[in-house]
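Please report on the fold of this chain, its paired strands, its helix packing and its ring contacts.

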Amino acid sequence: MKLAVVIASLAVGGVGVSQCAAAAQLGLYAAVDYGEGRKDVPQAPFDNFATLVFADAGFTPSQSSVRFDTKDSSYGFAVGYRLLPNFAVEGGFMDLGTVSYRNASTGTTSDGAVGDWRQNLDSSTSGITLSGLGLLPISYRWEVYARAGVLFSSNELDIFITDGARRGRSQSSKSGVDLLAGVGASFSFAEIYNARVEFQRVFDAGESDTGPESDVDLVKIGITVSF
């Protein structure tokens with residue numbers, strides 16, 4: 001959490017503007033971004049949950065093949081307002097992607113029949129963001145910034161199970177509030193546009209009922225347009 005404290009103090013408190021930097025354009029802007037994210041979550045909780053789902057279906061696996069993917073694409077959009085050359089606020093939407101678990105198993109059912117079963121678990125997080133940015137213009141075109149904020153998250157777990165002939169699906173969801181922080185750089189062009197690159201972390205993303213809570217690290221590129 002030391003990283004979050006440092007970034008939060010920069011974003012909320014602001015940073016000084018270099019004397020050689022040009023004055024930043026104040027006012028309203030919109031932003032969109034796309035990135036790649038990874039959730040720092042272990043496989044074991046998904047293995048345990050899959051075993052329970054199979055047991056509820058009356059199936060006992062004897063041999064399993066598992067694929068587990070904690071990486072996925074992320075996207076978001078926001079509306080911001082630059083109040084000062086050093087400070088802006090943003091509110092928007094962010095999708096952190098999905099942790100995917102795939103289990104193909106051979107085993108026996110409660111009536112003694114041998115068969116192949118397949119199970120998919122998808123744990124996803126998205127939601128509304130609110131953050132403050134501390135900005136440091138370093139030249140006419142370039143500036144760096146730090147971000148601190150919150151994600152009002154919607155977390156979902158999608159369960160699919162089939163033996164080839166029968167299939168079942170269920171979903172559960174739960175909301176939460178997660179802290180986020182980031183650092184980035186921005187390049188302005190054509191007067192009203194800015195290209196961004198940012199590293200961002202969402203702390204303890206998710207809810208225990210829809211997958212383990214864990215940090216999500218994101219590398220994002222985006223663009224803003226001022227009005």
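## Overall make-up

Of the 227 residues in the chain, 42% are buried. Buried means under 20% relative accessible area, exposed means over 50%, and partly exposed lies in between, with a 1.4 Å probe and protein chains only. The model is predicted, so local features need pLDDT of at least 70 and side-chain atom pairs count only at pLDDT 80 or more, while totals for chains, interfaces and linings use all residues. Residues are numbered from 1 along each chain as its sequence is written, and side-chain values use heavy atoms, with hydrogens and water left out.

The chain holds two helices and nine strands. Here helices (H or I, at least four residues) and strands (E, at least two) are DSSP runs, numbered from the N terminus. Read from the N terminus, the order is α-β-α-β-β-β-β-β-β-β-β. Among contacts with a separation of 6 or more, 71% come from residues 24 or more positions apart. A contact means heavy atoms within 4.5 Å.

## Strands 4, 5 and 6

Strand 4 (residues 87-109) and strand 5 (residues 114-137) run antiparallel and are joined by 20 bridges. Two strands pair if DSSP finds at least two bridges between them. One bridge sets D95 against S126 in strand 5. The two strands form a hairpin with four residues between them. In that turn, G112 has a positive phi of about 90°.

Strand 5 also pairs with strand 6 (residues 142-162). This pairing is antiparallel too, over 20 bridges. Strand 5 and strand 6 form a hairpin, again with four residues between them. S131 stands opposite G149 in strand 6.

R118 lies in strand 5. Its relative accessible area is 40%, so R118 is partly exposed. R118 touches N103, A104, F160, I161 and T162, leaving aside residues up to four places away in sequence. R118 and I161 are 43 residues apart along the chain, yet their C-alpha atoms are separated by 5.7 Å.

In a regular strand the side chains alternate between the two faces of the sheet.

## Helix 2

Helix 2 (residues 44-56) has 13 residues. From first C-alpha to last it reaches 19 Å, close to the expected 18 Å. The expected span is 1.5 Å times one less than the number of residues.

Which residues of helix 2 are buried? They are F46, A50, V53 and F54. These residues cover an arc of only 100° around the axis, so they sit on the same side of helix 2. The arc is that of the directions from the helix axis to the C-beta atoms. What covers them includes strand 2 (59-69), strand 4, strand 5 and strand 6.

The face turned away from the buried side carries the exposed residues N48, L52 and D56. Just after helix 2, G58 takes a positive phi of about 80°.

## Rings and a charge

The whole structure has nine aromatic pairs. Rings of Phe, Tyr and Trp (its six-membered ring) pair if their centres lie within 6.5 Å; planes under 30 degrees apart count as stacked, over 60 as edge-to-face and the rest as tilted. W142 and F187 have ring centres 5.0 Å apart and planes at 50°, so this pair is tilted. W142 lies in strand 6 and F187 in strand 7 (residues 167-189), so the pair ties together parts that are 45 residues apart in sequence. W142 is partly exposed at 43% relative accessibility. F187 is partly exposed at 29%.

Ring pairs also link F46, F68 and Y101 into a cluster. F46 is one of the buried residues of helix 2.

The charged end of R196 sits over the ring of Y145, 5.2 Å from its centre. A charge sits over a ring if NZ of Lys or CZ of Arg is within 6 Å of the ring centre and within 35 degrees of the ring normal.

## Positive phi outside glycine

Two residues that are not glycine are listed here.

| Residue | Phi | Place |
|---|---|---|
| A190 | about 55° | loop between strand 7 and strand 8 (193-205) |
| D204 | about 50° | strand 8 |

D204 is partly exposed, with a relative accessible area of 40%.
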